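Colleague: I'd like to learn how to read a fold from its elements down to its core. Could you take me through one?

Modeller: Gladly; let's look together.

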Amino acid sequence: MIRNLFTGIWVCAMTLLGVQIAIMMAPELAAGNLKSKNSSAAGFADTELLASSQIENGAIKGYLLARFTYVLTEKGLRFPVALGSLMTDGFNEFAADADFAAGRGESLIDLDAVSMRLRDIVNRRAGENIIHTIYLTQLDYFRPKEIRARSAARQAVIRGNTSSGSAGNNN
């Protein structure tokens, strides 16, 4: 009985020790792998879903939605301003850019050019090179009539469910 108790305690102690060692070594290994691939990259982060309206002559022509993952430089890790705010401002400036707005999402978009342009905008706004690379995770463009059609279809489904649900309650 006592032998089983000591065996259980020993197994728990070895498991906790193994987990502790893995936790202590994991950040060093992750940073080491990232630095070996690119000496100027230090860490990465994801943005929330960013949205911007395409406005022309006082009318909304479309909506641009995007999500990014960005790789920070060493300076970016120590940057005092929230990078999410800089990314949002940079995305809005990019979306309002005349060259991009002229296409209004109706033609093919060079995704590498989008990432490089956004990186340049954010680094310029920061005043130093804080972002090494930006990866585009999601990019969607919707016209107002597409959104209205989806909304109308959704409302029809809701009305259909409500009327069938209320009919079921009357029985």
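Colleague: How many helices and strands does the protein have?

Modeller: Start with the inventory: this predicted model has six helices and four strands. Then read their order, which from the N terminus is α-β-β-β-α-α-α-α-β-α.

Colleague: Which strands form a hairpin?

Modeller: For a hairpin, look at the pairing and then at the turn. Strand 2 (residues 50-56) runs antiparallel to strand 3, with seven bridges between the two. One of the residues to check is Ser 52, whose bridge partner in strand 3 is Leu 64. Two residues separate strand 2 from strand 3 in this hairpin, and Asn 57 in the turn has a positive phi of about 55°.

Colleague: And side chains along a strand, how should I picture them?

Modeller: In a regular strand they alternate between the two faces of the sheet.

Colleague: Which residues touch the most other members of the largest nonpolar core?

Modeller: In a core, look for the best-connected members. Here the core has 22 residues, and those touching the most other members are Phe 68, Met 87, Phe 91, Leu 118, Ile 130 and Ile 131. At least two core residues come from each of strand 3 (59-72), helix 3 (83-96), helix 5 (111-126) and strand 4 (131-142). Helix 3 gives the largest share, six residues.

Colleague: What does Met 87 touch?

Modeller: Leaving out residues up to four places away in sequence, Met 87 touches Thr 47, Leu 50, Phe 68, Tyr 70, Leu 118, Val 122, Ile 131 and Ile 134.

Colleague: What share of the residues counts as buried?

Modeller: Of the 171 residues, 25% are buried.

Conventions:
Residues are numbered from 1 along each chain as its sequence is written. This is a predicted model: local features need pLDDT of at least 70, side-chain atom pairs count only at pLDDT 80 or more; totals for chains, interfaces and linings use all residues. Side-chain values use heavy atoms; hydrogens and water are left out. A nonpolar core is a set of buried Ala, Val, Leu, Ile, Met, Phe, Trp, Tyr and Cys residues joined through side-chain atoms within 4.5 Å. Buried means under 20% relative accessible area, exposed over 50%, partly exposed in between (1.4 Å probe, protein chains only). Contact means heavy atoms within 4.5 Å. Two strands pair if DSSP finds at least two bridges between them.
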